[in-house]
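I opened my notebook to record what I looked up in this structure. The entries follow in the order I made them.

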Amino acid sequence: MMVDNIVLFLMQLKGMGRKTIYKYFHLEPGEYSLEDIQDILKEGAAKTKKVSSLSRQELEAAYGKYEQVIENSRKLGIKITSYLDGDFPVKLRKIDDPPAVIYTLGDIGILNEKAVAVIGTREPIDYGARVAENLGYVLGRDGYTVISGLAHGCDRFGHMGCLQAKGKTAAVMAGGLDKIYPAQHKELADEIVMAGGCLLSEYPAGTKAVQGNFVERDRLQSGLSEGIIVVETDVRGGTWHTIAYAREYGRRIGCYKHPVKFSSEKQVLGNRKLLEEKGTIGIETNQDLYEYRKLIDQKHDELVRGSSYVIVTQPSFLDAVSG
């Protein structure tokens, strides 16, 4: 029995997670026999009680799970990528808590392009929905990967706007890629892949999108982006997890500033709060968006060296919103 993806194999062991793998193992690409893995686990067990030496029988049971994950993914066309692989997204390598393995449908290469996460409430006001869609359109049109979570509301409109512009968008999922959540967005998910975009999860097929996974998903949205733009948010909600991770990872935090007539809407109260916080970049005009995009381009050069990009001088997303 030979193991081609040692990281994926270790993830099948009881109690073994990404943080333990990163902290206690120094792995290299290549094939590993079960005897090799026994030796690796013995070395790990000498360092921490979080790692246990396992019998041959226990490793064979893990091998069966490992093969099943690979086979399930193969049937669905899902690509499995560990941090030992050369095409593992560069930006994810540079966050404090990177995934050890990711599962993708579509073009994983777009995850190394300059990207902005368009995020916000699941229940935006009509004006906010138009803002999200037009932001997605302009960013997609001008070569930015639009990152979001395929949720109702701002996520959906951001993805849709990007697709309308024939841009590339990526959806980070909180469960396995075999079952799209929410189910109403299955057609949108298919369209994202068909248009050259990407669906991504750190969970294998068959994993349900349980509550805790959404917070984990939020860190990947921030990690894959050079910056985020909050379209609308209440003073509480999942958007704030993504904002917190963006701060932690040194990403640019943009926030849409609504016209005064909308400033008392519940969905906008969080925007008002965020705009008062240090480091937030308010986006109200086309010029604001232009200046924000310059910061995104600079951050991309910092995170992904050697990339080239072109700035369009007039984003003009507000022209469509104000109609």
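**Notebook: loops, helices and cores**

I began with K166, which is exposed, with a relative accessible area of 76%. I note that the model is a predicted one. K166 sits in the loop between α7 and β7. I then looked up its backbone. Phi of K166 is positive, near 60°, and the residue is not a glycine. Most residues other than glycine have a negative phi, and most peptide bonds are trans. I kept that in mind for the next two entries.

**Other backbone entries**

L150 also went on my list. Its phi is positive, about 65°, and L150 is not a glycine. I found L150 in the loop between β6 and α7. Is L150 buried or exposed? L150 has 0% relative accessibility, so I put it down as buried. K166, in contrast, I had entered as exposed.

Next I checked a peptide bond. The one from Y181 to P182 is cis, and its omega is near -5°. P182 belongs to the loop between β7 and α8.

**Helix α7**

I turned to the helix that K166 follows. Helix α7 covers residues 154–164. How many of its residues are buried? I noted 8 of 11, so the helix is mostly covered. The buried ones are C154, D155, F157, G158, H159, G161, C162 and L163. I then asked what covers them. The cover includes the strands β5 (115–119), β6 (145–148) and β7 (169–172). It also includes the helices α6 (126–141), α8 (186–194) and α9 (211–223).

**Where α3 meets α4**

I looked up a pair of helices next. Two packed helices are described by the angle between their axes and the distance between the axes. Helix α3 spans residues 34–47, and helix α4 spans residues 56–76. Their axes come within 10 Å and cross at roughly 110°. Angles of 65 to 115 degrees count as roughly perpendicular. I therefore entered α3 and α4 as roughly perpendicular to each other. The crossing of α3 past α4 is right-handed. From α3, the contact uses L34, E35, I37, Q38 and L41. From α4, it uses R56, L59, E60 and Y63. By class, I listed 5 nonpolar, 1 polar and 3 charged residues in this contact.

**The cores**

I37 came up again when I looked at the nonpolar cores. The largest core has 68 residues. Which residues have the most contacts inside it? I wrote down V7, F9, L10, F25, L27, I37 and L41. I followed I37 further, leaving out residues up to four places away in sequence. I37 touches V3, I6, F9, L10, Y32 and L59. A second, separate core has 23 residues. Among them are V118, V138, Y144 and Y256.

**Two partly exposed residues**

I70 lies in helix α4. Its relative accessibility is 35%, so I counted I70 as partly exposed. Beyond its neighbours within four places in sequence, I70 is in contact with L8 and I80. I also looked up a distance from I70 to D234. They are 164 residues apart in sequence and 41 Å apart in space, C-alpha to C-alpha.

My last entry is A244, in helix α10 (residues 239–248). A244 is partly exposed, with a relative accessible area of 39%. I checked A244 against A117, which is 127 residues away along the chain. Their C-alpha atoms are separated by 13 Å.

How values were computed: Residues numbered from 1 in each chain as written. Predicted model: local features only at pLDDT ≥ 70, side-chain atom pairs only at ≥ 80, totals over all residues. Heavy atoms only, no water. Core = buried A, V, L, I, M, F, W, Y, C linked by side-chain atoms within 4.5 Å. Buried < 20%, exposed > 50% of the residue type's maximum accessible area, 1.4 Å probe, protein only. Contact = heavy atoms within 4.5 Å. Axes fitted to C-alpha atoms, helices over the stretch in contact; angles between N-to-C directions. Helix = DSSP H or I, 4+ residues; strand = E, 2+ residues; numbered from the N terminus. Parallel < 35°, antiparallel > 145°, perpendicular 65-115°, else oblique. Left-handed = near helix turned anticlockwise from the far one by under 90°. Nonpolar A, V, L, I, M, F, W, Y, C, P; charged D, E, K, R; others polar.
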